[in-house]
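User: Please take me through this model. I want each label set against its cut-off.

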Number of protein chains: 2
Amino acid sequence: MKLKELGELGLIQRLYEFQGKGLKAGIGEDCAVFSMGELDLLVTTDLMVEGVHFLKELTPPEALGYKLLAVNLSDLASCGALPLFYVIGLVSNTEEDWEYIEGVYRGLYKLSNLYGVGLAGGDLSRGERMMLSLTIIGKAEKDTWIPRSGAKVGQRVFVSGTLGGSALGLMELKNGLKEGPFVKRHLYPPIRLELGQCLAKRKLASAMIDLSDGFLQDLERLVAASGVGAEIELQALPLEEGFIRRCEQMGLDPLKVALSGGEDYELLFTVEEEKKEEVFRLGEELKIKLSEVGRIIPQGLRILQNGRPLEIPQKLGYDHFRWENPFT
Amino acid sequence: MKLKELGELGLIQRLYEFQGKGLKAGIGEDCAVFSMGELDLLVTTDLMVEGVHFLKELTPPEALGYKLLAVNLSDLASCGALPLFYVIGLVSNTEEDWEYIEGVYRGLYKLSNLYGVGLAGGDLSRGERMMLSLTIIGKAEKDTWIPRSGAKVGQRVFVSGTLGGSALGLMELKNGLKEGPFVKRHLYPPIRLELGQCLAKRKLASAMIDLSDGFLQDLERLVAASGVGAEIELQALPLEEGFIRRCEQMGLDPLKVALSGGEDYELLFTVEEEKKEEVFRLGEELKIKLSEVGRIIPQGLRILQNGRPLEIPQKLGYDHFRWENPFT
């Protein structure tokens with residue numbers, strides 16, 4: 001069977017059997033978790049492949065480096081962990097300019113310094129197209145990290161920041177725009193490390209995931225991992241006015257962009273009702289907008305518009321092995 | 001400046017400035033080392049790129065998976081560390097058969113089980129050609145790991161196993177041979193984890209490196225990291241008779257293959273003279289051939305044949321960004 005028939009999810013399911021023993025969390029979580037004395041070690045890895053995750057002509061090298069580290073930091077953020085250090089695999093064409101590579105590392109370094117996480121080493125290889133692989137190691141106090149799988153019926157669904165800005169920025173970039181708030185959101189997404197760590201330390205969130213492939217798809221993952229469902233209030237979704245206006249100018253459906261647009265890197269998490277107020281206070285403390293957007297139900301995924309269920313389009317997200325290249 | 005002008009070494013040198021603070025070892029060592037309470041964490045990463053590190057038609061998928069993990073385990077072995085868990089980045093063409101991918105993971109899994117190290121997770125992406133990235137995390141008791149940089153003048157140079165078999169096996173594969181001792185050595189190289197750990201635990205080796213890019217190039221790296229030189233006795237190099245015979249049959253210079261052929265994954269290490277006997281006993285205990293092949297001198301790299309220096313050909317190793325593809 002070919003991978004395009006199997007799809008990303010089918011492939012992941014088949015890879016479960018090769019997973020090692022003795023992990024606290026593994027395939028299917030944002031990070032793998034391994035016990036190490038009084039601490040838990042967390043590790044996550046992400047690939048960025050030229051032509052799949054980025055196009056060089058649309059991506060300044062600093063932004064590429066920034067985002068490579070950011071997506072990995074975001075996985076640690078979604079578990080509430082503290083990043084320690086990372087390693088990089090770089091595949092590049094030998095005709096590549098050093099200046100581009102240097103830019104990538106400058107982008108990485110800038111974000112590294114912001115969060116006190118260090119580049120520890122890596123590997124280099126020739127190859128036709130650029131490919132970057134980053135693996136980051138983090139830590140958390142024993143069993144304080146937040147899984148995808150902890151959501152319980154009745155708990156509230158929260159999301160940080162606003163939705164869809166990164167996908168809109170990508171469309172602007174493709175239309176030739178070089179800057180602006182949405183382009184910036186796409187190239188330099190905010191990373192919610194401090195929020196994730198506070199939610200973990202104060203035991204405020206029962207399940208958490210970061211929004212990499214779109215709100216709806218990542219919500220589906222969280223509820224699937226937890227064996228529950230969710231009901232989302234359309235009006236409660238955090239869409240900026242400027243975002244809605246800009247989508248309409250560009251002939252886009254803001255709702256579709258917000259629900260299915262990837263790479264927001266906001267945190268989606270579930271909260272016991274009695275902890276809601278404390279969560280809102282945490283948002284004020286950190287100056288991060290936190291929105292209650294729905295609740296956990298026994299099963300299914302429902303979006304309510306003025307109390308009536310909206311039909312959810314199938315497969316709003318992105319599958320690496322089945323779907324068309326979003327850049328072509 | 002283009003990468004092909006800079007070369008792999010030039011690129012690595014320029015990347016030093018982006019290295020994080022607070023590492024016990026980083027770029028330039030086989031593993032990065034990070035202090036974590038009473039333990040040291042070691043991490044290493046290796047890429048395998050189709051057409052650069054392997055050709056699918058010459059590489060059974062199990063061998064590819066085995067070797068991907070083996071080369072990383074070998075980096076841990078060369079520091080004397082204990083492997084814990086690893087993550088994989090897999091880039092594959094969507095036309096790829098699941099059966100090939102499954103074979104790769106079966107090869108990984110087989111070796112994983114042998115050493116009690118577990119696959120913890122990974123990332124998947126589409127891409128034109130196959131690319132695998134593996135990052136492994138290991139541990140060692142605080143400050144017991146062995147660096148490249150600890151060789152001192154007067155110490156003896158040791159190497160495990162025999163030299164050149166893997167490079168010979170690759171040439172046999174290219175000539176259409178599918179099996180035999182050298183093909184097996186190339187596809188399923190032995191990994192010296194236990195030897196590395198014993199050398200570290202018993203404080204027998206002052207500096208160590210694994211032979212990935214060829215004896216001479218890796219020796220050069222060890223002495224450069226240590227700020228010393230080395231003198232090697234040609235007659236002491238462990239070349240099997242069968243290896244010499246087979247090289248001659250194929251019209252190859254056995255010495256050149258042994259000195260410059262990569263992927264032996266044997267350990268090259270330095271030992272205080274008074275510890276030599278203990279090292280030989282360890283070899284007998286583990287049933288691994290250990291050979292004393294030379295000594296550390298203040299500077300330079302000399303190979304002696306019957307007491308007379310041999311001229312060392314420049315650049316016997318392999319540079320990822322400057323050299324020609326060894327497969328074409």
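What follows is a set of questions and answers on the labels used for this model.

Analyst: First, the ground rules. This is a predicted model, where local features need pLDDT of at least 70, side-chain atom pairs count only at pLDDT 80 or more, and totals for chains, interfaces and linings use all residues. Residues are numbered from 1 along each chain as its sequence is written, while chains are lettered from A and ligands numbered from 1 in the order in which they are written.

User: How do you know how the two copies are related?

Analyst: Chain A can be laid on chain B by a turn of 180° and a shift of 0.0 Å along the axis, with an RMSD of 0.0 Å. The two copies are thus related as by a two-fold rotation axis. The superposition is by least squares on the C-alpha atoms of residues with pLDDT of at least 70 in both.

User: How do you know which surface the copies meet through?

Analyst: Contact is the test: C-beta atoms, placed from the backbone, within 7 Å. By that test, 59 residues of chain A are in contact with 60 residues of chain B. The largest share of the side of chain A that touches chain B comes from β4(A), with 9 residues. Strands here are DSSP runs of E, at least two residues, and helices are runs of H or I, at least four, both numbered from the N terminus. Of the interface residues of chain A, 100% are also interface residues in chain B, so the copies meet through the same surface.

User: What makes up that side of chain A by residue class?

Analyst: It divides into 29 nonpolar, 18 polar and 12 charged residues. Nonpolar covers Ala, Val, Leu, Ile, Met, Phe, Trp, Tyr, Cys and Pro; charged covers Asp, Glu, Lys and Arg; the others, Gly among them, are polar.

User: Why does chain A agree with a compact globule?

Analyst: The rule is 2.2 Å times the number of residues to the power 0.38, with the radius of gyration taken over C-alpha atoms. For 328 residues that gives a radius near 20 Å; chain A has 19 Å, which agrees. Its C-alpha trace spans about 55 × 55 × 50 Å along the principal axes.

User: What makes the two domains of chain A, and where do they touch?

Analyst: The bounds come from an automatic or database domain assignment. Domain 1 of chain A is 3-141 and domain 2 is 156-310. Their centres, taken over C-alpha atoms, are separated by 22 Å. Across the boundary, 19 residues of domain 1 of chain A are in contact with 19 residues of domain 2 of chain A. Helix α2 (residues 61-77) of chain A gives the most to the domain 1 side, with 10 residues.

User: Why is Leu268(B) called buried or exposed?

Analyst: Buried needs 20 or more other C-beta atoms within 10 Å, exposed 12 or fewer, and partly exposed lies in between, with C-beta atoms placed from the backbone. Leu268(B) has 25 such neighbours, so Leu268(B) is buried. Leu268(B) sits in strand β9 (residues 267-271) of chain B. Beyond four places in sequence, its contacts include Val159(B), Met208(B) and Leu222(B).

User: And what does the same count make of Asp143(A) and Lys203(B)?

Analyst: Asp143(A) has 9 C-beta neighbours inside 10 Å, so Asp143(A) is exposed. Asp143(A) lies in the loop between β5 and β6 (156-160) of chain A. Lys203(B) has 13 other C-beta atoms within 10 Å, so Lys203(B) is partly exposed. Lys203(B) is in the loop between α6 (193-201) and β7 (207-210) of chain B.
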